[in-house]
Amino acid sequence: MKTTKKNTSIRATILVSMAIFLLASTLTSCESMIEVDSPTNMVNKEDVYKDIATTKSALAYLYSNIRANSFLSKKPTGLHHGLSLYTDELEHIGTTDNNYFLNTIQASGSETAQWWNNAYQDIYAINAFIEGLSQSSYIEQEIKKTLLGEAYTLRALYFQNLVQLYGDIPYTTSTDFKSNTTISKKPYQLVLIDIEQDLLKAIEYLKYSFRSPDKYYVNKAVAELLLSENYLLQKKYDLAELYSKNVIDSNLYHIEEDLTKTFKKDAKSTIWQISPEQGSYITPEASNYIFTTIAANTSVISDKLLNSFDTSDLRKQYWLKEIEVNGQVFYGVYKYKNKTNNTDENSIFFRIEHVYSILAESLLNQNKLSQATQIINKIRTKRGLLPLDTNIAKQELEQNFLQEMYKEFFAENGHRFFTLKRLNQLGQIKEIKTNWKDYNNLFPIPEKQLLINTNLNPQNNGY
């Protein structure tokens with residue numbers, strides 16, 4: 001029977017799905033590894049990487065994991081929403097308790113287990129893709145480099161978030177089940193170096209041009225953004241400055257003059273975006289933050305964040321929405337505006353303002369205060385605010401920087417948590433979060449993982 005392109009695409013997806021299922025059974029069960037028979041219609045692993053269509057299908061599956069699985073998802077269960085509740089950006093007003101908002105995450109809880117398990121399942125699939133494509137002699141070399149560059153960038157994205165959340169973590173590029181179930185934690189700084197190597201390789205392989213015009217696939221700019229952030233974490237501020245400037249100097253991205261366009265799918269500021277799930281057409285952000293009744297996961301802007309906006313700040317006008325429910329008035333996140341009949345919004349993952357924030361932070365840490373102020377002012381003036389004085393003292397400039405990033409990136413990428421953490425300012429959260437403890441700068445390793453693999457001990461302090 002003739003095999004259609006559609007069938008080979010489905011079979012490639014089945015193959016990667018099987019790999020993920022096998023990893024899941026090793027991560028979440030204390031019993032011996034489950035033996036699973038291969039589906040009779042499944043192509044061999046090597047066959048996937050003989051054909052460019054099935055190879056691209058396998059890579060597309062890795063992208064779909066970002067959208068569908070909890071860890072990097074924009075859904076209420078993902079880190080974008082969870083970390084916004086965990087810090088001082090959002091207030092949970094939903095009908096059920098929320099442990100992120102209450103700062104009561106436990107090692108035995110479902111939240112951290114879900115993030116950890118989803119992340120490592122997805123990383124396993126990425127490792128399998130890199131391994132399979134690297135060994136293939138069938139894919140043209142330049143195409144192979146591009147697709148591998150994307151996969152290296154995705155792997156770096158996962159590990160860079162994991163290492164900031166959990167500290168010392170297992171770092172693996174292997175698809176060997178047995179070694180992955182006995183792997184030890186690797187020191188935080190060494191993991192950052194491993195991530196750096198992936199990103200340097202990705203930058204060598206990728207171009208600034210997009211593999212498709214919709215910006216659904218990562219390119220060189222995404223890799224450079226992640227690398228510049230990696231260098232902030234390594235305190236290599238001169239390199240963070242260099243790579244963030246590379247993205248800006250590419251002149252491919254520009255801060256939108258009209259704030260109503262910042263989160264539209266054709267925004268000039270967008271570096272990478274993800275489409276809504278097939279058939280839904282609604283971004284998870286719009287679905288989550290636009291409401292008319294109080295549901296389980298309903299959240300609104302915190303009073304602290306609301307009060308930080310000047311009356312002239314255009315972000316307050318265009319990115320917040322007053323919502324009245326049963327006589328109570330709330331301010332909701334209104335960056336995404338289409339909950340019905342959406343044709344013009346995707347989930348924005350990275351935008352050029354993020355790169356400007358990295359550049360400003362790198363300059364601030366090098367005591368290049370005048371230059372840092374100029375970069376912060378690029379965002380301030382686009383938001384209707386007066387520029388800061390270029391002679392401002394360092395401590396005051398740092399606080400102004402944190403305030404601007406607070407107002408610019410609320411409910412995006414865990415930006416508030418990660419930025420406060422890098423600058424040793426997480427204590428600010430105590431101003432409104434009475435449950436906040438100093439050890440909340442790290443999340444606990446899931447208790448079940450410590451039982452399955454004793455090499456992951458010791459647990460993070462406080463849990």
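**Exercise 1. Two helix pairs in a predicted model**

The crossing of helix 17 and helix 18 is right-handed, in a model that is predicted. Determine how these two helices are oriented to each other and which residues form their contact.

*Solution.*
Step 1. Helix 17 spans residues 394-408 and helix 18 spans residues 415-422. Their axes lie 9 Å apart, at an angle of about 165°.
Step 2. Angles over 145 degrees count as roughly antiparallel. Helix 17 and helix 18 are therefore roughly antiparallel to each other.
Step 3. From helix 17, the contact takes in F401, L402, M405 and Y406; from helix 18, H415, R416, T419 and L420.
Step 4. Sorted by class, the residues of this contact are five nonpolar, two polar and one charged.

Work out the orientation of helix 7 and helix 10, and state the handedness of their crossing.

*Solution.*
Step 1. Helix 7 covers residues 141-166 and helix 10 covers residues 220-233. The two axes come within 10 Å and cross at roughly 30°.
Step 2. The cut-off for roughly parallel is an angle under 35 degrees, and helix 7 and helix 10 are therefore roughly parallel to each other.
Step 3. The crossing of helix 7 and helix 10 is left-handed.
Step 4. Helix 7 contributes T153, L157, Q160 and Q164, which meet V222, A223, L226, E229, N230 and L233 of helix 10.
Step 5. The classes in this contact are five nonpolar, four polar and one charged.

**Exercise 2. Nonpolar cores**

Identify the residues with the most contacts inside the largest nonpolar core, and the element that gives the most to this core.

*Solution.*
Step 1. The largest nonpolar core has 119 residues, and L165, I271 and W272 have the most contacts inside it.
Step 2. Helix 7 gives the most to this core, namely 13 residues.
Step 3. Take I271 and set aside its neighbours within four places in sequence: its contacts include F210, A221, V222, L225, V247, Y253, F350, I352 and V355. K215, N219 and R351 are also in contact with I271.
Step 4. A second, separate core has six residues, among them I93, V300, V325 and F330.

**Exercise 3. Surroundings of D88**

Is D88 buried or exposed, and which residues does D88 touch?

*Solution.*
Step 1. D88 sits in the loop between helix 4 (79-86) and strand 1 (90-92).
Step 2. Buried means under 20% relative accessible area. D88 has 0% and is therefore buried.
Step 3. Not counting residues up to four places away in sequence, D88 touches S302, K304, L305, Y406, R416, Q428, I429 and I432.
Step 4. Two of these contacts lead back to the first exercise: Y406 belongs to helix 17 and R416 to helix 18.

**Exercise 4. Backbone exceptions**

Most residues other than glycine have a negative phi, and most peptide bonds are trans. Examine N251, N341 and the bond from N457 to P458 against this background.

*Solution.*
Step 1. N251 has a positive phi, near 60°. This residue is in the loop between helix 11 (237-249) and strand 2 (270-274). N251 is exposed, at 53% relative accessible area.
Step 2. N341 is not a glycine, yet its phi is positive, at about 55°. N341 is placed in the loop between strand 5 (328-333) and strand 6 (347-351). Its relative accessibility is 73%, so N341 counts as exposed.
Step 3. The peptide bond from N457 to P458 is cis, with omega near 5°. P458 lies in the segment after helix 19 (447-452).

Note on methods. Residues are numbered from 1 along each chain as its sequence is written. This is a predicted model: local features need pLDDT of at least 70, side-chain atom pairs count only at pLDDT 80 or more; totals for chains, interfaces and linings use all residues. Side-chain values use heavy atoms; hydrogens and water are left out. Axes are lines fitted to C-alpha atoms, for helices over the stretch in contact, and angles run from 0 to 180 degrees between N-to-C directions. Helices (H or I, at least four residues) and strands (E, at least two) are DSSP runs, numbered from the N terminus. Angles under 35 degrees count as roughly parallel, over 145 as roughly antiparallel, 65 to 115 as roughly perpendicular and the rest as oblique. A crossing is left-handed if the near helix is turned anticlockwise from the far one by less than a right angle, and right-handed if clockwise. Contact means heavy atoms within 4.5 Å. Ala, Val, Leu, Ile, Met, Phe, Trp, Tyr, Cys and Pro count as nonpolar, Asp, Glu, Lys and Arg as charged, and the others, Gly among them, as polar. Buried means under 20% relative accessible area, exposed over 50%, partly exposed in between (1.4 Å probe, protein chains only). A nonpolar core is a set of buried Ala, Val, Leu, Ile, Met, Phe, Trp, Tyr and Cys residues joined through side-chain atoms within 4.5 Å.
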